[in-house]
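Thanks, everyone. Let me put the model up, and then we'll walk through a few spots.

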Amino acid sequence: MGGGPESCARSKHGWASSRRPMVQPTSNKATLRRWPWSTDPTRCEMRGSRSRALPDRALVNCQYSMATFSTGERKRRPHGDRKACEMGLQLRQTFEAAILTQLYPRSQIDIYVQVLQADGGNYAACVNAATLAVLDAGIPMRDFVCACSAGFVDGTALADLSHVEEAAGGPQLALALLPASGQLALLEMDARLHEDHLQQVLEAASQAARDVHALLDRVVRQHVREAALLLGD
């Protein structure tokens with residue numbers, strides 16, 4: 001990945017940073033890391049092909065994997081297991097709701113995401129990194145797609161759960177938001193939660209996703225300005 005602008009922002013739900021390449025490679029990439037002092041946990045690569053064409057729109061294909069060193073225990077199957085297939089399906093559904101696929105008939109958009117360091121919120125990190133990669137590829141989207149996890153722990157709604165908070169159990173949800181319209185691209189909950197607390201958890205995840213959008217929007221605008229200076233515009 002080429003050197004590019006990097007931005008870090010601190011909010012009530014943690015650190016986030018992003019990096020975009022300054023030069024246009026043949027396959028567009030983006031990297032997102034959660035903590036500024038850690039290694040980059042999530043990277044995404046975009047490619048285009050025509051292997052399985054649809055006559056009226058582009059086919060979105062997403063592949064999710066985890067590096068063998070991404071967790072404390074070495075993973076024997078970094079991709080291709082049931083969890084990876086489910087994550088790939090969630091990512092595909094998310095970006096089918098955001099990408100203007102009708103502009104690319106008889107084409108296929110491949111999104112490859114790999115988690116390098118798993119510290120919770122894998123789905124959200126993948127969505128945010130893939131959003132930068134799709135934008136960098138110049139593929140039109142209805143809006144940014146910004147995601148965040150949230151849960152209800154010890155009577156408190158928490159956003160951007162860490163691995164320790166996820167391992168503690170309790171209801172958790174993953175949310176992908178289109179910030180401009182407020183529409184949800186994906187909402188999934190993996191445990192029961194009383195309806196009295198649902199709105200509280202949703203608001204925590206939605207606000208965190210909007211904070212991520214503010215960061216990504218700033219990074220994209222900075223990238224455009226620096227690219228324009230390099231081109232002499």
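Look at L178 to begin with: opposite it, in β10, stands Q183. Keep in mind that this is a predicted model. The two strands here, β9 and β10, run antiparallel, and six bridges join them. Between the strands of this hairpin there are four residues. One residue to check there is G182, with a positive phi near 80°.

Now the inside. How many residues does the largest nonpolar core have? It has 31. Those with the most contacts inside it are Y64, L91, F95, I99, I111, Y123 and V145. The elements giving two or more residues to this core include our hairpin strands, β9 and β10. The others are β5, α1, β6 and α2. Which of them gives the most? That is α2, with six residues. There is also a second core, separate from this one. That one has 21 residues, among them C148, A150, A208 and A209.

Next, helix α4, residues 195-231. Is this helix straight or bent? Let's just do the arithmetic on length. It has 37 residues, and at 1.5 Å a residue they should span 54 Å. The end C-alpha atoms are 54 Å apart, so the two agree. Just after α4 comes G232, with a positive phi of about 80°.

Last stop, A159. You'll find it in strand β8, residues 156-159. Buried or exposed? Its relative accessibility is 17%, and the cut-off for buried is under 20%, so A159 counts as buried. In sequence, A159 and G121 are 38 residues apart. In space, their C-alpha atoms are 9.6 Å apart.

Technical notes. Residues are numbered from 1 along each chain as its sequence is written. This is a predicted model: local features need pLDDT of at least 70, side-chain atom pairs count only at pLDDT 80 or more; totals for chains, interfaces and linings use all residues. Side-chain values use heavy atoms; hydrogens and water are left out. A nonpolar core is a set of buried Ala, Val, Leu, Ile, Met, Phe, Trp, Tyr and Cys residues joined through side-chain atoms within 4.5 Å. Buried means under 20% relative accessible area, exposed over 50%, partly exposed in between (1.4 Å probe, protein chains only). The expected span of a helix is 1.5 Å times one less than its number of residues. Two strands pair if DSSP finds at least two bridges between them.
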